[in-house]
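Visitor: I would like a close look at one part of this protein: the empty space inside it. Please take me through the openings and the enclosed spaces, and what lines them.

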Amino acid sequence: MDRSRRNMLSLTAAGLIHVAAKPDAVVGDEPVDTGLLVREAAQRGHTDIGWLNSFHSFSFGEYYDQRHMGFRSLRVINDDRIAAGRGFPTHPHRDMEIISYVLDGSLQHKDSTGRGAVITPDDIQMMSAGTGITHSEYNPSSTEPNHFLQIWIEPAMRGVRPRYSDNKVTIDEKVNQWKKIAGPDGSDASVSIHQDATIYATHLRAGGVSDFTVERGRHAWLQVARGQLIVNGTKLGSGDAVATSRATSIHVEATEDTDALLFDLA
């Protein structure tokens, strides 16, 4: 590695790499340190057990990397694909806010609160595990695979009463803008969570742009669910993510139809 490239590398405690470490992915002649950090899709953990093909942005299951234990209260982003007619049998959780975001197909949820639903890409689903909950998740289709993001956020309060909720969030509400799909109790988000964290979703058409301001004292993680984006001059593809702990403006432009999530964290 030559000295100029070595100087561009800056590995954080969270295992993220400064944007300037990817000069070939920067639009223009010179890489610019924008204050954003990159988590590359190819560096994620991977689990493939036949009916489940999953990529882990943070340590999960048999994938463990002390550099990638989460980001602020964001603990898990699993990019899951479930084969037709298969799924997760009943299993327990405790003290975690769990959000399911379907990209393709459908996902059937049942839990010990007596609640359940079949969610599609027009829905957002949240479960507070609290003092303890059991649930199952299945792909109810006999022919079509399911693709969804499983998200875990550590709660601000432990030992709360378990709860479940889901809500409609249509694609039209997300086109070329950031739609608030989850947020703290009392916010105007589609579903509520026990944490000072807000999740925004967007569906950017090719050529579509959207901006987000990270306020001082806040932290942001942007996950490309599928598609291609240019974020503050840096090219990102499906599964890539960027993060920042600086007060900054994030400018996003889609080079093809793209779905992305943005986490605004305390």
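Guide: What follows goes from the whole chain to its pocket, then to its cavities, and last to a few single residues.

Start with the model itself. It is predicted, not experimental. The mean pLDDT of the protein is 90, and 87% of its residues reach 70 or more. Two stretches call for care. Over residues 1-15 the pLDDT is below 50, and the model gives this stretch 21 contacts beyond near neighbours in sequence. Residues 28-32 also stay under 50 in pLDDT. Beyond four places in sequence, the model has 6 contacts for residues 28-32.

Now the overall build. The secondary structure comes to 23 strands and 1 helix. The protein has 266 residues, and 52% of them count as buried. Take the contacts between residues at least 6 apart in sequence: 68% of these join residues at least 24 apart. The accessible surface of the protein is about 11,800 Å². Carbon and sulfur atoms hold 47% of that surface.

Next, the empty space. Rolling a probe the size of a water molecule over the atoms shows where such space is left.

The largest pocket comes first. Its volume is about 300 Å³. A total of 18 residues line the largest pocket, and T47, L52, H56, F60 and G61 are the closest to its centre. Which strands supply at least two residues each of this lining? They are strand 3 (45-48), strand 4 (52-56), strand 5 (74-82), strand 6 (87-93) and strand 12 (146-153). By class, the lining of the largest pocket has 9 polar, 6 nonpolar and 3 charged residues.

Then the cavities. How many cavities of 30 Å³ or more does a search of the whole structure find? The search finds 2.

The largest cavity holds about 40 Å³ of space. Its lining is made of R44, F55, S57, I77, D79, L149, Q223, V224, A225 and G239. Strand 5 and strand 18 (219-226) each supply at least two of these residues. Strand 18 gives the largest share, 3 residues. By class, the lining of the largest cavity divides into 5 nonpolar, 3 polar and 2 charged residues.

L149 deserves a stop here. This residue is one of those lining the largest cavity. L149 sits in strand 12, and strand 12 also supplies at least two residues to the lining of the largest pocket. Is L149 buried or exposed? The cut-off for buried is under 20% relative accessible area. L149 has 2%, so L149 is buried. Leaving out residues up to four places away in sequence, L149 touches N78, D79, I99, S100, Y101, L103, A225 and L261. Two of these contacts, D79 and A225, are also among the residues that line the largest cavity. I99 is 50 residues from L149 in sequence, yet the C-alpha atoms of L149 and I99 are 8.1 Å apart in space.

The second largest cavity holds about 30 Å³ of space. I98, S100, H109, Q125, M126, M127, H135, E137 and Y164 line it. Strand 7 (97-104), strand 10 (123-128) and strand 11 (133-138) each supply at least two residues of this lining. The largest share, 3 residues, comes from strand 10. By class, the lining of the second largest cavity has 4 nonpolar, 4 polar and 1 charged. S100 ties into the earlier account: S100 lines the second largest cavity, and S100 is also touched by L149.

A few other residues round off the tour. T198 lies in strand 16 (residues 197-204). With a relative accessible area of 10%, T198 is buried. Beyond residues up to four places away in sequence, T198 touches K180, A182, G183, P184, L262, F263 and D264.

Finally, two backbone points. Most residues other than glycine have a negative phi. N176 has a positive phi, near 55 degrees. N176 lies in the loop between strand 13 (163-168) and strand 14 (179-184). At 33% relative accessibility, N176 counts as partly exposed. N232 also has a positive phi, about 50 degrees, although N232 is not a glycine. The loop between strand 19 (229-231) and strand 20 (234-236) holds N232. N232 is partly exposed, with a relative accessible area of 21%.

How values were computed: Residues are numbered from 1 along each chain as its sequence is written. This is a predicted model: local features need pLDDT of at least 70, side-chain atom pairs count only at pLDDT 80 or more; totals for chains, interfaces and linings use all residues. Side-chain values use heavy atoms; hydrogens and water are left out. On a 1 Å grid over the protein atoms alone, a cavity is a set of points where a 1.4 Å probe fits but cannot get out, and a pocket is an open set with protein on both sides within 12 Å along at least five of seven lines; lining residues have an atom within 4 Å of a point. Grid points are joined across faces, edges and corners, and a volume is the space filled by probe spheres set on the points. Helices (H or I, at least four residues) and strands (E, at least two) are DSSP runs, numbered from the N terminus. Ala, Val, Leu, Ile, Met, Phe, Trp, Tyr, Cys and Pro count as nonpolar, Asp, Glu, Lys and Arg as charged, and the others, Gly among them, as polar. Buried means under 20% relative accessible area, exposed over 50%, partly exposed in between (1.4 Å probe, protein chains only). Contact means heavy atoms within 4.5 Å. Accessible areas come from the Shrake-Rupley method with a 1.4 Å probe; for residues, only the protein chains shown count as cover. pLDDT is the predictor's confidence in each residue, from 0 to 100.
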